[in-house]
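Me: Please take a close look at one part of this structure, with its burial and what covers it, and then go on to the other places that can be described in the same careful way.

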Amino acid sequence: MTKTFSVLFLLVGIALPTFVAAALPETEEAVADWFEERGARISRSEDGKAVKLFHNGNPEFSVEELALIGKLAHLEELALNAAKAGNGEWDFLRQLPNLKTLRIWHGHHFSNLESFAGIAAEDVLIGGCMGLRDLNRENPEALRDAVLTLRDLPNLKKLSLYHSPLTPDDSHLAHIVKEFPNLVELRVDFAAPRGQEIKITPEGLAALAALKLTRLALERAEELTSAHLAALAKTETLETLHIYPPRDGEIDYEPLLAEFRKLRPEVEITFQKKPGS
């Protein structure tokens, strides 16, 4: 009886249908359609090519699926929130020769910024990427110095870094000046990792004068002194200084800005409003 049952089970098993995962698309047009069908926002050129892609992270794409983006050869703008790709899994970015703008928010799977080297983008934002914190818990200096792993962006003109990666040291600003000499817009966050100190000096800020910045945006400016902000007056090309609000409470920035205003009265100073204000 047992033998008969085993044979019947084998025959039934053979008869059952085999489910195979659907093959991923291969052509540029099919890839654009595939992402659009799954909730990504796609903007197309007049001839139907995908030139912009925004995805909010839901649904979550696998690393293999994210790699399909590399087939969108005409893509100019890419924005990804909470993408699953980790260290060494961003090669598809280097397959986009027309990429001008890159936005990466809330990356939780990479511990450094090495994977973003060699891309064509002129405008790069990396913000709120807490993998830099969570994957470096045993090495807090790796979180503090994450910006030092960002390099080889030959076309870069606009750079925005905040809420990890951080820039609490003069060496971080010096690295930005050395690696990205063509910057005209820069946003940095002076916050230090928990339990560490901010070590920005007026001399470190004055080093930004080597860049032809027209716009500079600062987070944690409340941690600086009037001497720090006055040092920014040496950036002769500066047109706009933008200040983000403190994380907690309110602060009167005018005493900090008084000396800067005397030295550079023509520079527009703007303030970011707190959410909900």
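Reply: A residue is called buried here when its relative accessible area is under 20%, exposed when that area is over 50%, and partly exposed in between. The model is a predicted one, and the part I would begin with is helix 6, which spans residues 170–179 and has H172, L173, H175, I176 and V177 as its buried residues. The cover over these buried residues includes two helices, helix 5 and helix 7 (202–206), together with strand 6 and strand 7 (185–189).

Two of those covering elements also frame a loop, since the stretch between helix 5 (140–144) and strand 6 (158–162) is where T149 is found. T149 counts as buried because its relative accessible area is 17%, which is under the 20% limit. Once neighbours within four places in sequence are left aside, the contacts of T149 are with N112, L113 and E114, and for L113 there is a polar detail as well, in that the T149 side chain reaches the L113 backbone nitrogen at 2.9 Å.

A lysine after strand 10 gives a second view of a side chain meeting backbone atoms. K274 lies in the segment that follows strand 10 (268–271), and with a relative accessible area of 24% K274 is partly exposed. Apart from neighbours within four places in sequence, K274 is in contact with P245, P246, R247, D248, G249 and E250. Within this set, the side chain of K274 reaches the backbone oxygen of G249 at 2.6 Å and the backbone oxygen of P246 at 3.4 Å. Computed along the sequence, K274 and Y244 are 30 residues apart, while their C-alpha atoms are 8.2 Å apart in space.

Another lysine, K49, sits in the loop that joins strand 1 (41–44) to strand 2 (50–55), and its relative accessibility of 31% makes K49 partly exposed. Beyond the neighbours within four places in sequence, K49 is in contact with E28, S43, R44 and H74. The C-alpha atoms of K49 and A73 are separated by 8.7 Å, although the two residues are 24 apart along the chain.

As for empty space, the largest pocket has a volume of about 480 Å³, and of the 16 residues lining this pocket, M130, R133, L143, P193 and R194 are the closest to its centre. The lining of the largest pocket is made up of seven nonpolar, four polar and five charged residues. Enclosed space is a separate matter: the count comes to one cavity of 30 Å³ or more, and the largest cavity holds about 50 Å³. Its lining consists of H55, G57, E60, F61, L66, L80, N81, A82, A83 and K84, of which five are nonpolar, three polar and two charged.

A word on confidence belongs with all of this. The mean pLDDT of the chain is 93, and 92% of the residues reach 70 or more. Over residues 4–20, however, the pLDDT is below 50, and this stretch has zero contacts in the model beyond near neighbours in sequence.

Technical notes
Residues are numbered from 1 along each chain as its sequence is written. This is a predicted model: local features need pLDDT of at least 70, side-chain atom pairs count only at pLDDT 80 or more; totals for chains, interfaces and linings use all residues. Side-chain values use heavy atoms; hydrogens and water are left out. On a 1 Å grid over the protein atoms alone, a cavity is a set of points where a 1.4 Å probe fits but cannot get out, and a pocket is an open set with protein on both sides within 12 Å along at least five of seven lines; lining residues have an atom within 4 Å of a point. Grid points are joined across faces, edges and corners, and a volume is the space filled by probe spheres set on the points. Ala, Val, Leu, Ile, Met, Phe, Trp, Tyr, Cys and Pro count as nonpolar, Asp, Glu, Lys and Arg as charged, and the others, Gly among them, as polar. Helices (H or I, at least four residues) and strands (E, at least two) are DSSP runs, numbered from the N terminus. Buried means under 20% relative accessible area, exposed over 50%, partly exposed in between (1.4 Å probe, protein chains only). Contact means heavy atoms within 4.5 Å. A polar contact is a pair of N or O atoms within 3.5 Å; within protein, one must be able to donate a hydrogen and the other to accept it, and residues adjacent in sequence count only if both atoms are side-chain atoms. pLDDT is the predictor's confidence in each residue, from 0 to 100.
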